[in-house]
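Work through the exercises below with the sequence and the 3D structure open beside you. Try each task before you read its solution.

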Amino acid sequence: MAVIIKTKEQIEIIREGGKILADVLRKVAKKVAPGISTYELDKYAFDLIKEKGGTPAFLNYRPEGAPKAFPASICISVNNEIVHAIPLKTRILKEGDIVSLDLGLKYKGLFTDHAVTVAVGKISKKDQDLLDKTKKALEVGIIAACGGNTVGDIGHAIESFVNRKYGIVRELSGHGVGVKIHEDPYIPNYGKAGKGQKLIPGMIIAIEPMLNIGKDNIVGASDDWTIKTADGSHSAHFEHTILITEGDAEILTMI
Ligand code: MG
């Protein structure tokens, strides 16, 4: 599949959708507190998206080769879970947890993707540093995503910033987004400067570093969806959908 350069009209709609998604995810993040179930957060996200005239992009999403479709609107991954955990009534958040919220939106036929990791009450210094560094890694990646640079420049910037202080999830990556939820190119969170697909104005991509306190390695869970750290260490995830321009990228999943 070739890289899709978005039209002006598509960019306008995706810009609008990005603002809605940012607003919804911020509201869901604010609801995170000890005692709430991940199921309740999922229901809240679904209701907010419907209220805005959108559709949750992950609900019933079934990637090629996946044994079953994702049964919820938002992925809510706790502590050693990296991504794609299914919200459950029995999954009650508690003080000291870190929670990754990953939400995709379909709005007027076009897609945006956004994730944050937040604290439940008071968290350890170690976890707070993980959150801060992962958020910063995303910013560093976005700064590298200026027109004329390459996908390798993004990965290289993130990997250099992390500087082996944390594990970098390598099997999962950022991606093109817009016409579909996942498009070409892949945007790995590691790489060589100047290598790979050139960043062309009008491309829309999601950059999403996932960092682990321990090693890079991941394992799948028996629910066929959740991906966890192999060593049980905590993991964080931040993601923005951005527009490639001639100069600095424009963050679209922002209010
Ligand atoms: Mg994504």
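**Exercise 1. Find which residues of H3 meet which residues of H4, and describe how the two helices pack.**

Step 1. In H3, the residues Lys-133, Lys-136, Ala-137, Val-140, Gly-141 and Ala-144 meet Asp-153, Ile-154, Ala-157, Ile-158, Phe-161 and Val-162 in H4, where contact means heavy atoms within 4.5 Å. Helices (H or I, at least four residues) and strands (E, at least two) are DSSP runs, numbered from the N terminus.

Step 2. Sorted by kind, the residues of this contact are eight nonpolar, one polar and three charged; here Ala, Val, Leu, Ile, Met, Phe, Trp, Tyr, Cys and Pro count as nonpolar, Asp, Glu, Lys and Arg as charged, and the others, Gly among them, as polar.

Step 3. Helix H3 (residues 125-144) and helix H4 (residues 151-162) pack at an angle of about 145 degrees, and their axes are 8 Å apart. Axes are lines fitted to C-alpha atoms, for helices over the stretch in contact, and angles run from 0 to 180 degrees between N-to-C directions.

A note on the model: it is predicted, so local features need pLDDT of at least 70 and side-chain atom pairs count only at pLDDT 80 or more, while totals for chains, interfaces and linings use all residues. Residues are numbered from 1 along each chain as its sequence is written, and side-chain values use heavy atoms, with hydrogens and water left out.

**Exercise 2. Identify the protein donors of the magnesium ion and trace where they lie along the chain.**

Step 1. The protein donors are Asp-113 (OD), His-175 (NE2), Glu-208 (OE) and Glu-239 (OE), which lie 2.1 to 2.3 Å from the ion. Donors are N, O and S atoms within 2.8 Å of the metal (3.2 Å for Na, K and Ca), and water is not among the atoms, so sites may look incomplete.

Step 2. Along the chain, the donors follow the spacing D-x61-H-x32-E-x30-E. Distant parts of the chain are linked by Asp-113 in strand S5 and Glu-208 in the loop between S9 and strand S10 (210-212), which are 95 residues apart.

Step 3. Asp-113 is buried, with a relative accessible area of 2%, and Glu-208 also counts as buried, at 7% relative accessibility. Buried means under 20% relative accessible area, exposed over 50%, and partly exposed in between (1.4 Å probe, protein chains only).

**Exercise 3. State what Ile-207 touches, leaving aside its neighbours within four places in sequence.**

Solution. Among the contacts of Ile-207 are Leu-138, Gly-141, Ile-154, Ile-158 and Glu-239.
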